[in-house]
Amino acid sequence: MANRILSVGSTFPEFKKTSVVSLEKGNEFYDITSEDHKNAEKWMVMFWWPKDFTFVCPTEIAEFGKHVEDFADRDTMLIGASTDSEFVHLAWRKNHDDLRDLQFPMLADTSKSLAEELGILEANEKIAYRVTYIVDPQGIIRWVSVNDLSVGRNVDEVIRVLDALQTDELCPCNWVKGEATLA
């Protein structure tokens, strides 16, 4: 199977998926859609991990969790996702100290339909690669980063690129918020 990852300039696919948003009994689950961030006129960062109950994945998820306010300050909805079920996500959050208090949804793509449409499934196990999408308020993909299964991503870099995209100006190599742009 050849990957054809949906990339920059493409419209992010429509979806409606169940996500885990809380550990509070009766309020654990919420359906999230591709329209939510557009209706709120916000950016969206959706990051995918291969499997729950693994070793690299919780380090990334916890790091995104530490930066949830940074994304909120940038009018950005943060969504984590994998092909595991919402029940597995919930059990993992209950079981893992670093995941209990997450303040962003853990999307469950159990059917793998969204991951397949994005072109991010690994060929043998049909699990998602470590992919991060930055999507603008109109639903257009503005940045994609893909890591192999064994390598975690850098959350600071995601924020740096989000900052650069939100300037809507030319940003040189290694640019960070507060520095001059080229426009």
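This is a short tour of the structure, stop by stop, with something to select at each one. Keep in mind that the model is predicted.

**The whole chain**

Start with the protein chain in cartoon view. You will find six helices and seven strands, and going along the sequence they come in the order β-β-α-β-α-α-β-α-β-α-β-β-α. The radius of gyration is 16 Å, close to the 16 Å that the globule rule gives for 183 residues, so the chain is as compact as a globular protein of that length. Turn it around: along the principal axes, the C-alpha atoms fill a box of roughly 50 × 40 × 30 Å. Of the 183 residues, 48% count as buried. Among contacts with a separation of 6 or more, 67% are between residues 24 or more positions apart.

**Strand β1 and its partners**

Now select residues 16-20, which make up strand β1. Add strand β2, residues 29-33: these two strands run antiparallel and are joined by five bridges. For a single pair to look at, pick K17 in the company of I32, which stands opposite K17 in β2. Next add residues 106-108, strand β5, which pairs with β1 in the antiparallel sense over two bridges. Here S19 has L107 of β5 as its bridge partner.

**C57 and helix α2**

Which residue does UniProt list for "active site"? In an unreviewed entry, UniProt lists C57. Select C57 and you land in helix α2, residues 57-66. Is C57 buried or exposed? C57 counts as buried because its relative accessibility is 1%. Show its surroundings as sticks: beyond the neighbours within four places in sequence, C57 is in contact with W49, P50, K51, W92 and R130.

Stay with α2 and colour its buried residues, C57, P58, E60, I61, A62 and F64. In an α-helix, residues three or four places apart point the same way, because there are 3.6 residues a turn. The buried residues of α2 pack against several elements, including β3 (43-48), α3 (68-73), β4 (76-82) and α4 (86-95). To complete the list, show β6 and α6 (155-167).

**Aromatic rings**

Select F47, W49, F53, F64, F71, W92 and F104 together; these form one aromatic cluster. Two members of the cluster, W49 and W92, are familiar from the contacts of C57.

Across the structure there are nine aromatic pairs. One of them is F12 with Y133, an edge-to-face pair at 5.4 Å centre to centre, with 80° between the planes. This pair links distant parts of the chain: F12 is in the segment before β1, while Y133 is in strand β6 (residues 130-135), 121 residues apart. Both F12 and Y133 are buried.

**W48 in strand β3**

Pick W48, which lies in strand β3. W48 is buried, because its relative accessible area is 0%. Try a distance from here to T167: C-alpha to C-alpha, the two are 25 Å apart in space and 119 residues apart in sequence.

**The cysteines to finish**

How many disulfides does a search of the whole structure find? The count is zero. Select C171 and C173 to see one case: C171 is in no disulfide, and the nearest cysteine sulfur, that of C173, is 12 Å away. Why is C173 not bonded to C171? The two sulfurs are too far apart for a bond, because 12 Å separates them. Switch on the surface to compare accessibility: C171 counts as partly exposed at 26%, and C173 is exposed, with a relative accessible area of 70%.

Note on methods. Residues are numbered from 1 along each chain as its sequence is written. This is a predicted model: local features need pLDDT of at least 70, side-chain atom pairs count only at pLDDT 80 or more; totals for chains, interfaces and linings use all residues. Side-chain values use heavy atoms; hydrogens and water are left out. UniProt positions are given in the numbering used here, feature names are shortened, and annotations may be inferred rather than shown by experiment. Helices (H or I, at least four residues) and strands (E, at least two) are DSSP runs, numbered from the N terminus. Buried means under 20% relative accessible area, exposed over 50%, partly exposed in between (1.4 Å probe, protein chains only). Contact means heavy atoms within 4.5 Å. Two strands pair if DSSP finds at least two bridges between them. Rings of Phe, Tyr and Trp (its six-membered ring) pair if their centres lie within 6.5 Å; planes under 30 degrees apart count as stacked, over 60 as edge-to-face and the rest as tilted. A disulfide is a pair of cysteine sulfur atoms within 2.5 Å. The radius of gyration is taken over C-alpha atoms; the globule rule is 2.2 Å times the number of residues to the power 0.38.
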